[in-house]
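Notebook open, coffee poured. I want to see how the sheet is put together and what packs around it.

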Amino acid sequence: MYKVLKSDVVVVGGGPAGINAALAAARQGANTVLVERYGFLGGMSTIALVYPWMTFHTMEGKQVIGGTAQEIVDRLVANNGSPGHVRDTCGFVNTVTPYHPERYKLVALEMLRESGVKVIAHSMVDEAVLEDDTIQAVRLSTKSGRMELRAKVFVDTTGDADLAFFAGAPCLKGRESDGKTQPMTMKFRMKGVDLAAVKQYMIDHPDEFYRKTPVDELAELPLTAVQGFYKHWKEANLPINRDQVLFFTGPDDDEIVVNMVRVQGFDGTDVEQLTEAEEQGRRQVFMIADFMIKSLPGFAKASVTQVGTQIGVRESRRIDGEYTLTMEDVTHGRRFEDCIARSGYPIDIHDPSGKNVTAAWIHGDGAYDIPYGCLLPKKITNLTVGGRCISTTHEALATTRLTPSCMGTGQAAGTAAAMAAAQGISPQSINRDELRRILVRNGALLD
């Protein structure tokens, strides 16, 4: 027996894309349910400590992501949960957006409640009920028994294309040549770091760091990120396939989030491989932390205060959609008539098997379009997709996977789902010009 709930739109996955999708759908008048497997919202931003958000702007500083994503930032700023968009002192991007993950969990929930979204947490979708190529319902495993959620339109914001996969939509995984995916990372926090000492060392030894910001500017700017300590890392000779130290500062003045663990060769959609990846990641955390405390200036009194609830997954399953965004689309800054979101983040591929990170920059005005066709899976008639699992190549995924981009595609996926539900048609059949007009009216930056 199943407990049955009915609604207009069901959003599966409560990460950045899902939060924005549910907000957008509800604000369009759809009776909306959001399903999340953990007891809190935020996805990789809270579960895996993916921090800070990068980036709402182009390299030249033009903001290209707004809408509900910017509303969330504004609400966090008002609640002392973020300083807003700040200059990136490394210079890999123009701005970063630090945030307090615990405040984010509450802010997201409050905004959803205010918009009338019903949130069902502690629940995992494990089955899709279909009639022909239309999803009739999704089934959940919960502590209180099995549930069935019926809706007119569904939105997959799981990050791993779980709902699309369960429904039988064609999916892709990894790079085209061998199916290998970008490595997973177990992020962790440290407190007790003397960031003034770190910054002074960077000023005194500029050749040991990746840095586009001039030294005189670095001295005046708040420190947001550190990328380098090449000599220290090489001398440590740890069995971790990474080429440098990388961490981000905040949210407290003596606190950092470390992004150095590299777990390669595992499939994030295979439960046994994912279990092994978790163990390897946690082992690497303390190898890296011990090295930093022993060897890096400013770390003598530092300690690990938090490790991600789960390992961070950069890449797993994604849909094979109506349109597949390519690396050339990104680097050429291609425009599309059915653009529903833009991004200014470069291609950023963490090597699936090596040490390096490969970057490719966006030409033109510094931003590229994400077309609506990337949100539409083949075969299934009442499903939209937002976030990391939209339709892209392996290379293009290395930019669309970033949180602000996921927020933007999530808002579009939720808006389209609500439009389709209200009109009694498929998401493929809605007026795409009208979708764009609604998105712009709600703050999306598409031009």
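Before I start on pairing: I count two strands as paired if DSSP finds at least two bridges between them. Also a reminder to myself that this is a predicted model.

Entry one, the sheet. By that rule I looked up β3 (residues 32-35) and β6, and they pair in the parallel sense over three bridges. Within β3, I find Leu34 standing opposite Val119 of β6.

Zooming out, I get an open sheet of five strands, ordered β6-β3-β2-β10-β22, with parallel pairing. Why is one side of β6 (118-120) and of β22 (383-385) left without a neighbour in the sheet? Both stand at the edges and each has a single partner strand, so one side stays unpartnered. From one strand to the next, the twist averages 20°.

Entry two, the helices on the sheet. I checked α1 (residues 16-27), which packs on the sheet and touches β2 (9-12), β3 and β10 (153-156). The direction of α1 makes about 170° with that of β3. Then I checked α12 (residues 403-423), which also packs on the sheet, with β2, β10 and β22 as its contacts. Its direction makes about 170° with that of β10.

Entry three, the cores. The largest nonpolar core has 100 residues, and Val10, Trp53, Tyr104, Val138, Leu149 and Ile340 have the most contacts inside it. I note that α12 gives the most to this core, with nine residues. I followed up on Tyr104: leaving out residues up to four places away in sequence, it touches Pro16, Ile19, Trp53 and Met407, among others. There is also a second, separate core of 35 residues, including Met190, Trp233, Val258 and Phe266.

Notes: Residues numbered from 1 in each chain as written. Predicted model: local features only at pLDDT ≥ 70, side-chain atom pairs only at ≥ 80, totals over all residues. Heavy atoms only, no water. Helix = DSSP H or I, 4+ residues; strand = E, 2+ residues; numbered from the N terminus. Axes fitted to C-alpha atoms, helices over the stretch in contact; angles between N-to-C directions. Contact = heavy atoms within 4.5 Å. Core = buried A, V, L, I, M, F, W, Y, C linked by side-chain atoms within 4.5 Å. Buried < 20%, exposed > 50% of the residue type's maximum accessible area, 1.4 Å probe, protein only.
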